[in-house]
Amino acid sequence: MTKMLADPPPGLTAVPGDGGLPYVGYSLDYMRDPVGTNDRRYREYGPVSWFRFAGNPWVVLLGPDACGAALQNRDRALANGPGWRVLIGPFFDRGLMLLDGDEHTAHRRIMQQAFTRDRLAGYTDSLHPAVEKALETWSPQTDFRAYPALKELTLGLATSIFMGGAEGSSHAEMAEVNKAFIGCVQAATAIVRYPLPGTRWRRGVVGRRRLEEFFRRYLPARRAGSGDDLFTALCHVESEDGERFTDDDVVNHMIFLMMAAHDTSTITLSTAMQYLGQFPQWQQACREESEALGTTTPTLDQLEELTSLDLVIKECQRLVTPVPGIVRRAVADTEILGHYIPRGTLVNVGLHYTHHMPELWPDPERFDPGRFSPERREDRVHKYAWSPFGGGVHRCLGMYFSSAEVKTVLHHLLLGYHWHVPADYVAPMNFTSLPFPSDGQPIDLRRR
Ligand code: HEM
């Protein structure tokens, strides 16, 4: 039964919707079938509607106009920190994505200097040996589980590229750091949100403390050093006005960056392996471009020549959007597409659904990388039709880094292996937090 979220002031419309089941709202339906659930919602209520979840009303934005309005956030009424914290807890506090307003602008200006093209070229050079080392541990077989293998690989890359391998630390210590980090990520989606012994939340609290200790211990060496890892970069970068990060800032940003870079790149890679396994013509086209480069260790410039791979990655990020929904909270009364959003409302910006709308994408469930080709450019139908990296002032700062990372890994895989996935395979995706295939994504992987 339709209910209105709140009485609007003159000139605005109330947000339509319905609470759904007590407490859980529509979250169970969403986890089972995110596109179908949001499609029914969109057809019934339009691009701005509400439901109840965990005791709070949430406004869901579907379609490029509504998503674009929230991402542009012209009146600055939608805040990141108070929104994201509800979902991911305190474990990534003071990471760039959780800062707002002038403070966010100031930190972003400094951090941008760690992601310049020169720096990216350096990170790319360091990626090759790290990828080669990680792939040595892979044992090709008919039932190879790609997702966990890729997750371990990207965590290893983050350790070497972001932390410069943290020289001097033992294998056991790095394993413990990885565990602490995974504890934080898993705690973010815990149901029991109190540090009772044995709970995920508790492991998150302990993990966060452990990570802080770890980064703090290496900080003096990084401040004094000249390495080309991201940790050292954050210790040295300055904005154009000469502003630098404090020790606390460096620690907080590092912990957030490890998280931001991890599951997002992993799911992009595993989706690409799935579709390349199901569409051998695309796998072959990408391999031929990789072979044409004539090197196993392409530079950042050379990676940009892998145009088929670029189309494949874009299509994978459309079909399985690594961050399916972005969170905001209204810190002042505002409006979206003429709908009244009262102060305090939590907002979910539905990127994944928008990427599947038949109004924007012909045959939206079909894997068709050519839709991003210069001749077709289906994404140009609307500025916010394809936005896996978000938009506005919080647009992903790691977008180009992730592109270099994903391409580097796939380049090595295409040259060293071939693989197959049955054409009728449908990944059983888990959408509890960031999406992942719950069967670990089996593929038939062979060495070439
Ligand atoms: C396929 C990979 C990735 C995807 C799809 C992705 C997606 C996103 C999205 C949607 C946001 C916006 C969040 C918001 O508006 O609240 C974001 C923010 C961010 N991402 Fe990524 N990300 C990826 C990889 C990375 C990597 C590899 C890094 C770091 C090296 C990174 C660093 C960041 C940072 C620092 C922000 C916060 C920006 C800000 O608030 O100003 N991301 N990312």
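This passage describes selected helices, one helix–helix contact and several individual residues of a predicted model.

Helix 9 spans residues 200–224, and its 25 residues reach 36 Å from the first C-alpha to the last, close to the 36 Å expected at 1.5 Å a residue. Within helix 9 there is nevertheless a kink of about 40° at Tyr 218, which lies shortly before the proline Pro 220. Tyr 218 also belongs to the buried residues of helix 9, which further comprise Arg 200, Trp 201, Gly 204, Gly 207, Arg 208, Leu 211, Phe 214, Phe 215 and Arg 222. The partners against which the buried residues of helix 9 pack are helix 8 (171–187), helix 10 (230–236) and helix 11 (247–278).

Helix 11, one of these packing partners, has 32 residues and reaches 47 Å from its first C-alpha to its last, close to the 46 Å expected at 1.5 Å a residue. Of the 32 residues of helix 11, 25 are buried, and this helix is therefore largely enclosed by the rest of the structure. Helix 11 also approaches helix 14 (residues 307–319), the two axes coming within 9 Å and crossing at roughly 110°. Because crossing angles of 65 to 115 degrees count as roughly perpendicular, helix 11 and helix 14 are described as roughly perpendicular to each other. On the side of helix 11, the contact is made by Thr 268, Thr 271, Ala 272, Tyr 275 and Leu 276, which meet Val 312, Ile 313, Cys 316, Gln 317 and Leu 319 in helix 14. The residues of this contact between helix 11 and helix 14 divide into 7 nonpolar and 3 polar, with no charged residue.

Helix 7 (residues 146–163) was examined in the same terms: its 18 residues reach 25 Å from the first C-alpha to the last, close to the 26 Å expected at 1.5 Å a residue. Helix 7 is mostly covered, with 14 of its 18 residues buried. Just after helix 7, Gly 164 takes a positive phi of about 65°.

Positive phi values also occur at residues that are not glycine. Most residues other than glycine have a negative phi. Leu 337, although not a glycine, has a positive phi of about 45°, and its place is in the loop between strand 8 (334–336) and strand 9 (339–341). Leu 337 counts as partly exposed because it has 16 C-beta neighbours inside 10 Å. Arg 377, likewise not a glycine, has a positive phi of about 35° and is found in the loop between helix 15 (351–354) and helix 16 (399–416). With 11 other C-beta atoms within 10 Å, Arg 377 is exposed, since a residue with 12 or fewer such neighbours is assigned to that class.

Two aspartates were also considered. Asp 39 is found in helix 2 (residues 34–45) and is partly exposed, with 16 other C-beta atoms within 10 Å. The C-alpha atom of Asp 39 is separated by 23 Å from that of Gly 55, a residue 16 residues apart from Asp 39 along the chain. Asp 102 is found in helix 5 (residues 101–112) and counts as exposed, with 8 C-beta neighbours inside 10 Å. Asp 102 and His 262 are 160 residues apart in sequence, and their C-alpha atoms are 27 Å apart in space.

Definitions and conventions. Residues are numbered from 1 along each chain as its sequence is written. This is a predicted model: local features need pLDDT of at least 70, side-chain atom pairs count only at pLDDT 80 or more; totals for chains, interfaces and linings use all residues. Helices (H or I, at least four residues) and strands (E, at least two) are DSSP runs, numbered from the N terminus. The expected span of a helix is 1.5 Å times one less than its number of residues. The bend at a residue is the angle between axes fitted to the seven residues ending there and the seven starting there. A residue is buried if 20 or more other C-beta atoms lie within 10 Å of its own, exposed if 12 or fewer, and partly exposed in between; C-beta atoms are placed from the backbone. Two residues are in contact if their C-beta atoms, placed from the backbone, lie within 7 Å. Axes are lines fitted to C-alpha atoms, for helices over the stretch in contact, and angles run from 0 to 180 degrees between N-to-C directions. Angles under 35 degrees count as roughly parallel, over 145 as roughly antiparallel, 65 to 115 as roughly perpendicular and the rest as oblique. Ala, Val, Leu, Ile, Met, Phe, Trp, Tyr, Cys and Pro count as nonpolar, Asp, Glu, Lys and Arg as charged, and the others, Gly among them, as polar.
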